[in-house]
Amino acid sequence: MRTIPTAVTPNALLAEDTSRSAYRDYADDAQPGMARVREFYRNNHAHQTYAFVQEKKARWLRFDQREMTPWQGLDFLNTLVDESDPDIELPQISHLLQTAEAIRADGHPDWFVLTGFIHDLGKVLCLFGEPQWAVVGDTFPVGCRFSDKVVYPEFFALNPDSGDARYNSECGVYQPGCGLANVHLSWGHDEYLYQLLRPHLPEPALYMMRYHSFYAWHREGQYGHLLDATDQANLEWVRRFNPYDLYSKNENPPSLAALKPYYEDLMAKYLPASLKF
Ligand SMILES: [Fe+2]
Ligand SMILES: [Fe+2]
C-alpha cells in the first residue's frame with residue numbers, strides 16, 4: 001500500500017476520522033493532529049493562487065494518466081493510505097461505501113447513492129504524484145478576495161495573490177452573479193472528479209461532487225455575490241450530501257463483498273465502461 005507523503009488532516013478528512021463532537025474544532029490547538037492540520041493549510045493557502053489553479057487544470061484535465069473501469073478506479077484509490085486518518089484506519093473504499101449506504105438507507109435516489117460511493121474518487125490525484133495540499137481540504141475561490149470564513153484565513157497572507165490588486169476586490173476577476181461554474185476554486189479532488197464525470201450524472205450529483213469541500217459556501221454562506229440561480233437551486237443538495245460525508249464513518253463497515261453486485265449495477269447504469277483519468 002502506498003501512503004500519502006505528507007501527514008495532514010484537512011477538515012473534510014478530519015471529519016472522517018474523529019468523533020462528531022471534535023469535528024472542525026480548529027480553535028483547540030491541543031487537539032491531536034492540529035499541528036499537522038495547520039501545516040497542511042499553511043501550504044494550501046500559500047500555494048493555491050489563481051495561476052496555480054490554471055496550471056493544474058491544464059495539467060490534469062487532459063486525463064492522460066490511465067484508462068480504468070470505474071471499479072478499477074476505486075480499487076486503485078484504495079491503495080492510498082491516508083495518513084491523516086489516525087483514529088480509524090479504514091481504507092478509502094470503506095468511507096465511500098459507508099457514505100453511500102447511509103444515503104441508501106435514507107431512501108434517496110440511486111444517483112445520490114452512487115454519488116456517495118464515488119465522491120472521493122478524485123483523490124487518485126495523490127497517486128499520480130500531487131501533494132496532498134493540492135488534492136484534499138477545504139476549497140475556496142481564487143481570483144477574488146479571500147473570505148475570512150475560510151479555515152485558517154491568516155495563512156492567506158502567504159499567498160502572492162493577496163498582494164495582487166487584480167484579485168483583491170470582492171468580485172476580483174469575476175462579474176457579480178456570474179455563477180460558480182465561471183469561478184475558479186482552489187485545485188483539488190472535487191473539481192477533478194466533476195470534470196471526469198460531468199457527462200454522466202444529473203446536475204445535483206455534479207454539484208455535490210464539485211462543491212462538497214467548499215465549506216465557505218455551503219456551510220458559511222459566503223460568496224453570495226458570485227452565485228447564479230442554478231447555484232442557488234443546487235445549494236440544498238450540496239448541504240444534504242454533507243452529513244453523509246462527515247458522519248457516516250463507523251467501526252463496523254458494511255461488507256463490500258456482499259454489496260459489490262449492487263454497486264456494480266449502479267455504476268453500469270450511469271457510468272461508461274471505462275474512464276480516462
Ligand atoms: Fe472529499
Ligand atoms: Fe469523503
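**Q&A on a predicted model**

Q: Where does Trp-133 sit in this predicted model?
A: Look past helix 7, which covers 124–127, and before helix 8, which covers 189–197. Trp-133 belongs to neither helix; its place is the loop between helix 7 and helix 8.

Q: Is Trp-133 buried or exposed?
A: The cut-off for buried is 20 or more other C-beta atoms within 10 Å. Trp-133 has 23 C-beta neighbours inside 10 Å, so Trp-133 counts as buried.

Q: How far apart in space are Trp-133 and Glu-39, C-alpha to C-alpha?
A: Along the sequence, 94 residues separate the two. In space, though, the C-alpha to C-alpha distance between Trp-133 and Glu-39 is 9.5 Å.

Q: Which helix gives the largest share of the largest nonpolar core?
A: That core holds 66 residues, and Val-113, Phe-117, Met-208 and Ala-216 touch the most other members. The largest share of the core is six residues, and they come from helix 9 (residues 203–211).

Q: Which residues does Phe-117 touch, leaving out those up to four places away in sequence?
A: Phe-117 is one of the core residues that touch the most other members. With residues up to four places away set aside, Phe-117 touches Leu-96, Leu-97, Ala-100 and Tyr-263.

Q: Why are the buried residues of helix 4 said to be on the same side?
A: Helix 4 spans residues 70–77, and its buried residues are Pro-70, Gly-73, Leu-74 and Leu-77. They sit on the same side of helix 4 because, around the axis, they cover an arc of only 95°.

Key:
Residues are numbered from 1 along each chain as its sequence is written. Chains are lettered from A and ligands numbered from 1 in the order in which they are written. This is a predicted model: local features need pLDDT of at least 70, side-chain atom pairs count only at pLDDT 80 or more; totals for chains, interfaces and linings use all residues. Helices (H or I, at least four residues) and strands (E, at least two) are DSSP runs, numbered from the N terminus. A residue is buried if 20 or more other C-beta atoms lie within 10 Å of its own, exposed if 12 or fewer, and partly exposed in between; C-beta atoms are placed from the backbone. A nonpolar core is a set of buried Ala, Val, Leu, Ile, Met, Phe, Trp, Tyr and Cys residues joined through C-beta atoms within 7 Å. Two residues are in contact if their C-beta atoms, placed from the backbone, lie within 7 Å. The arc is that of the directions from the helix axis to the C-beta atoms.
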